[in-house]
Amino acid sequence: MSFESLGLSHHIIHSVKQLGYLKPFPIQEQTIPVILSGKDLMGIAQTGSGKTACFVMPILEKLQQQEVKRDRNIQVLVLVPTRELAIQIDEVFRAFTGHLKREIKTMAVYGGVSINPQMKGMLGVEVLTATPGRLLDLIHNKALSISQIQHLVIDEADKMFQLGFEDELKQIFALLPKKKQTTLFSATLNDKISEIKNILAIQPVVVEIAKDALDIDKIDQVAYHVTAETKGPFLRYLIKENKMNQVLVFVSSTRTADKLVEKLLKNKIRAISIHGEKSQGSRRDHLDYFKKGDVQVLVATDLIGRGIHIDALPVVINFELPRSPLDYVHRIGRTGRAHDAGSAITLLTDEDMHHFGVIQKKMGKTVEIKPTTDINLHGY
Ligand code: AMP
C-alpha cells in the first residue's frame, strides 16, 4: 500500500519522500483514512510504531484546505504528557508543513520555561502541541482560546494519568467545543481511558496494533548478574570493551543519574544526564548533544522513557530496574525502533531478581541472565 492510496495529496507526499518513508506502517494504513474521513479514533499503540505521523499527516492534509486564521483561536490541539514529547511532535508537524498549499503555524508549549515568549508567539498559531498545565496557564492569561478547535489529539493518554494530569485534563475538556474530531493514542486501555471517552462523548473507531509491533522481538535482550559494588565498574567495562559510542542508560532517580555521570566522566567516558530537575533548556540541549553523537552516554530517568525518538539508537542499558514492567518495555523500546535492530542490557543485583521475573512474565519473554563473576573488572 502507498501513501497516495491512503488519500493523502502530493503536498504531504512531498514531505513523506523527503523524510525517506517508503511505505506506510501498518498503524498508518489503518488510521490515516479514518482521520481523513472525520471520524473519532482511538489508537492502542506503543511509541515507536509510527503513531505521530498517523495524526500529523491527515490533520495537515485537511487544515491546508481551509482559510488561514490569524487570531488566537487554536484549530488543532495536541495534548501530551511531557515537554520532550511536545517538542518532538511539533518537529514532526513542522517536517510536514514545508510543501503545503498554504503556510500553517505550529507551536509547542510546555512548562519549565518562561511563559512570555509563548504568549507572544501565539498569534496565528493553528496547531498547538501542549502539556496540560502550561496550556491552562496560557488560557488563563488569555493568550489563546481552545473554544473553537476542530481537532483534539490526546497522545500517550495513559501516561497523562500516570503523571497525575487528571484534574488538568478535565478542566481543559470543559473548555472545548462540543463539535470536534478527537484522536486518542494510548499504550494501554484502562478505566481512565474509558472515562475520557465518556467525558468527551466519543464513539471512536478503535485501532489496535499488536504489542509485538513495538518490535520487542527485534530487540536483543540480555541481563547480567552484578553486585551493588560491581555494578558501576561493570557498566564502564561494558561501554569501554564494546566501544559503545551512543548508549542510553536508565536509572531510577535523579540522584543516581548525577552520581553516575560524575563517575563516568572521571573514567573518561563522555556522559551527561537528563532528568526532571534539569531546566528545560538543558534537557533539550543534552538530548540534542546525544542525538548528534557529541556525547557517548546519556543517563536518563523514566522522564524520557516514553515517546522520545533517537535515530537508530543501538543500545539501551538498565542500570536500575524500573518499578513498572510497562516502563521497562518503554525503556528498551528506545532501541530497535522502526526498521532498526537494537540491544537492551539490564544489570541485576540479587534484590532485582524477583522483580525482573515479574517483568519478564508481563512482557511474555525470557531474558538470559549471565554471570559476571569471571570478568576481571580491575581498572574499570
Ligand atoms: P513514532 O512512533 O511516531 O515516534 O515514530 C517512530 C519512528 O518511525 C520515527 O523516527 C518516524 O520518523 C519513523 N516513521 C514513521 N512512519 C514511518 C514510515 N512510514 N516509514 C519509515 N519510518 C517511519
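The points below describe the fold and packing of one protein chain in a predicted model.

1. Overall dimensions. The protein chain has a radius of gyration of 21 Å, which agrees with the value near 21 Å that a compact globule of 380 residues would have. Along the principal axes, its C-alpha atoms fill a box of roughly 70 × 45 × 40 Å.

2. Domains. The protein chain is divided into two parts: domain 1 covers 4-208 and domain 2 covers 219-371. The centres of domain 1 and domain 2, taken over C-alpha atoms, are separated by 29 Å.

3. Secondary structure and contacts. The protein chain holds 14 helices and 14 strands. Of its contacts between residues at least 6 apart in sequence, 75% join residues at least 24 apart.

4. Burial and surface. Of the 380 residues in the protein chain, 58% are buried. The exposed area of the chain is about 16,800 Å², and carbon and sulfur atoms supply 50% of this area.

5. The seven-stranded sheet. Seven strands form an open sheet with parallel pairing, in the order E3-E4-E2-E5-E6-E1-E7. Its edges are strand E3 (105-109) and strand E7 (205-208); each has a single partner strand, so one side of each is left without a neighbour in the sheet. On average, and with direction ignored, neighbouring strands of this sheet are turned by 15 degrees against each other.

6. Pairing of E2 with E4. Within this order, strand E2 (residues 76-79) pairs with strand E4 (residues 125-130) in the parallel sense, over four bridges. One residue pair can be named here: Val76 has Val127 in E4 as its bridge partner.

7. Helices on the sheet. Helix H4 (residues 83-97) lies across E2, E3 and E4, and runs at about 170 degrees to E3. Helix H9 (residues 191-199) also packs on the sheet, where it touches strand E1 (41-44), strand E5 (151-154) and strand E6 (181-186). The direction of H9 makes about 175 degrees with that of E6.

8. Helix H13. Which residues of H13 are buried? They are Pro325, Leu326, Asp327, Tyr328, Val329, His330, Arg331 and Ile332. Because eight of the eight residues of helix H13 (residues 325-332) are buried, the helix is largely enclosed by the rest of the structure.

9. Surroundings of H13. The buried residues of H13 pack against two helices, H7 (157-162) and H14 (353-363). They also pack against strand E8 (219-225), strand E9 (247-250), strand E12 (315-318) and strand E13 (342-348).

How values were computed: Residues numbered from 1 in each chain as written. Predicted model: local features only at pLDDT ≥ 70, side-chain atom pairs only at ≥ 80, totals over all residues. Heavy atoms only, no water. Domains from an automatic or database assignment. Buried < 20%, exposed > 50% of the residue type's maximum accessible area, 1.4 Å probe, protein only. Contact = heavy atoms within 4.5 Å. Pairing = 2+ DSSP bridges. Axes fitted to C-alpha atoms, helices over the stretch in contact; angles between N-to-C directions. Rg over C-alpha atoms; globule rule 2.2 N^0.38 Å. Areas by Shrake-Rupley, 256 points an atom, 1.4 Å probe, with all protein chains shown as cover.
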